[in-house]
Amino acid sequence: MKILVLNEAKQSGGYAVEKRCAVSASTVKRLSKKGIQVVVEAGAGELSGVDDALFVREGATIAQDLAAELASADVLACVNRPTPEQIQQLKAGAMVIGHIDPFFQQDLVEQLAKQQLTTLSVEMIPRSSRAQKMDALSSQASLAGYVMMLQAANHLPSIAPMMMTPSGTIKPAKVFIIGAGVAGLQAIATAKRMGANVLAYDTRPVVAEQVESLGGKFLKIDLGDTGQTKDGYAKELTDEQKAKQQDAQRDAIADSDIVITTAQLFGRKPPVLIRKDTLALMKPGSVVVDMAALSGGNVEGSVAGEIATVEGVTVIGTGNWSQQVAKDATDMYANNLFNLIDEFFDDEAGQFKLDLEDDILAQSVITHGGAIINSMLNNAYAGA
Ligand code: NAD
């Protein structure tokens, strides 16, 4: 089996320059040990701290003729997703693995299906105990939580911890985190380590205990029935609940030095959590980080990919959070992919065993045999 790894820094694919890579030196070694041939496009690991020579030492070869490698690869391993031109060059039956962003990439998914490719979208991997080691959403979101808090602190004109000095006492910064899933909990932990006071809110009440165990306070808002899906994701709120949430959060936002929003709704646009009139209540120079800025935004006025000033508040919408720590993000993502391949690799046949009855593959393989085979996606594309 041959796995091809592209140099994604060379193609934006809708993202800023990608610094991560789908393999690390360690996973190249482990894949090679299994008898898997790993071919890497030149420079693929450079921005995550691995040069071509190290990949070669661990068992990879560097692609000399990329077109020929695309045409013969059994698996194309990506951080993001291949371009339509690259997809065209793949052989029928090959497998594509990556962050396909399938709910928002219908044309690309249709092309993948039409070209008889088997596509595994890492976002669709279930959040089950067995799949944890392959869960790229979680590994990257953990790092994102850390990065967002650091970015916020860097832009704040004051410090995070309390400081008592002969020149006076500085009070700790007040940080409010909205959305306490994987990223939000890491942002809370990072803010606490920096000495800030932390308040958090999530529509899933089960999260309150986790926030408190990290030393944060949980803001209680009675929205009635909010609940969560069977996969643990938040449900979309009614318009009435949305308005109630925005009202109830207003004082906490006005009182905060830093607000970090991490609210996502799986397969849908993220909810708007903060309107401009609420930003206007914050102290000038306060910082808001909108984790969802690239996919629609939790904060009115945030600009995808940029740092904007809105109503005197610094609103950070740069996105691509985990790749700010590209080495660790690559190591974690590469481990996720290795664990996925390892789980389904048939050592005797030397091939990936595509068992579509398996619950992990049943959910994450979205195209196969010329069709889109994921019912959630087919429903979303049909507007259902
Ligand atoms: P996510 O990225 O989908 O959303 C981030 C957070 O935003 C969630 O906690 C969500 O409840 C919250 N949110 C949504 N709308 C909101 C609103 N209007 N206001 C405030 N908060 C709002 O979530 P995630 O971090 O990917 O986690 C999703 C679920 O999966 C969680 O229950 C998590 O514990 C679970 N999970 C399980 C596993 C596992 O068991 N292996 C692994 C990872 C995550």
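The shell around the ligand in this predicted model has ten nonpolar, ten polar and four charged residues. In total, 24 residues surround the ligand. V182, D202, R204, G232 and Q245 come nearest.

Oxygen atoms of the ligand lie a short way from N or O atoms of the protein in several places. In the side chain of D202, an N or O atom is 2.6 Å from a ligand oxygen. For the side chain of R204, the corresponding distance is 2.7 Å, again to an oxygen atom of the ligand. G181 takes part through its backbone: one of its N or O atoms lies 3.2 Å from an oxygen atom of the ligand. On its own, the ligand has 840 Å² of accessible area, and the protein covers 84% of it.

Seven strands form an open sheet with mixed pairing. Their order is 11-10-9-12-13-15-14. Strand 11 (217-218) and strand 14 (307-310) are the edge strands, and each pairs on one side only. Strand 9 covers residues 174-178, and strand 10 covers residues 197-201. These two strands pair in the parallel sense, over five bridges. Within this pair, I177 stands opposite A200 of strand 10. In a regular strand, side chains alternate between the two faces of the sheet.

Strand 15 spans residues 313-316 and contains T314. The relative accessibility of T314 is 16%, so T314 counts as buried; the cut-off for buried is under 20%. Leaving aside residues up to four places away in sequence, T314 touches H155, S286, V287, V288, I307 and A308. Of these contacts, I307 and A308 fall within the range of edge strand 14 (307-310).

A further set of pairings centres on strand 18. Strand 6 (residues 118-121) and strand 18 (residues 365-368) run antiparallel and are joined by two bridges. Here L120 stands opposite V365 of strand 18. Strand 18 also runs antiparallel to strand 19 (residues 371-372), again with two bridges. In that pairing, T367 stands opposite I372 of strand 19. Strands 18 and 19 form a hairpin with two residues between the strands. In this hairpin, G369 takes a positive phi near 60°.

Methods:
Residues are numbered from 1 along each chain as its sequence is written. This is a predicted model: local features need pLDDT of at least 70, side-chain atom pairs count only at pLDDT 80 or more; totals for chains, interfaces and linings use all residues. Side-chain values use heavy atoms; hydrogens and water are left out. A residue is near a molecule or strand if one of its heavy atoms lies within 4 Å of it. A polar contact is a pair of N or O atoms within 3.5 Å; within protein, one must be able to donate a hydrogen and the other to accept it, and residues adjacent in sequence count only if both atoms are side-chain atoms. Accessible areas come from the Shrake-Rupley method with a 1.4 Å probe; for residues, only the protein chains shown count as cover. Ala, Val, Leu, Ile, Met, Phe, Trp, Tyr, Cys and Pro count as nonpolar, Asp, Glu, Lys and Arg as charged, and the others, Gly among them, as polar. Helices (H or I, at least four residues) and strands (E, at least two) are DSSP runs, numbered from the N terminus. Buried means under 20% relative accessible area, exposed over 50%, partly exposed in between (1.4 Å probe, protein chains only). Contact means heavy atoms within 4.5 Å. Two strands pair if DSSP finds at least two bridges between them.
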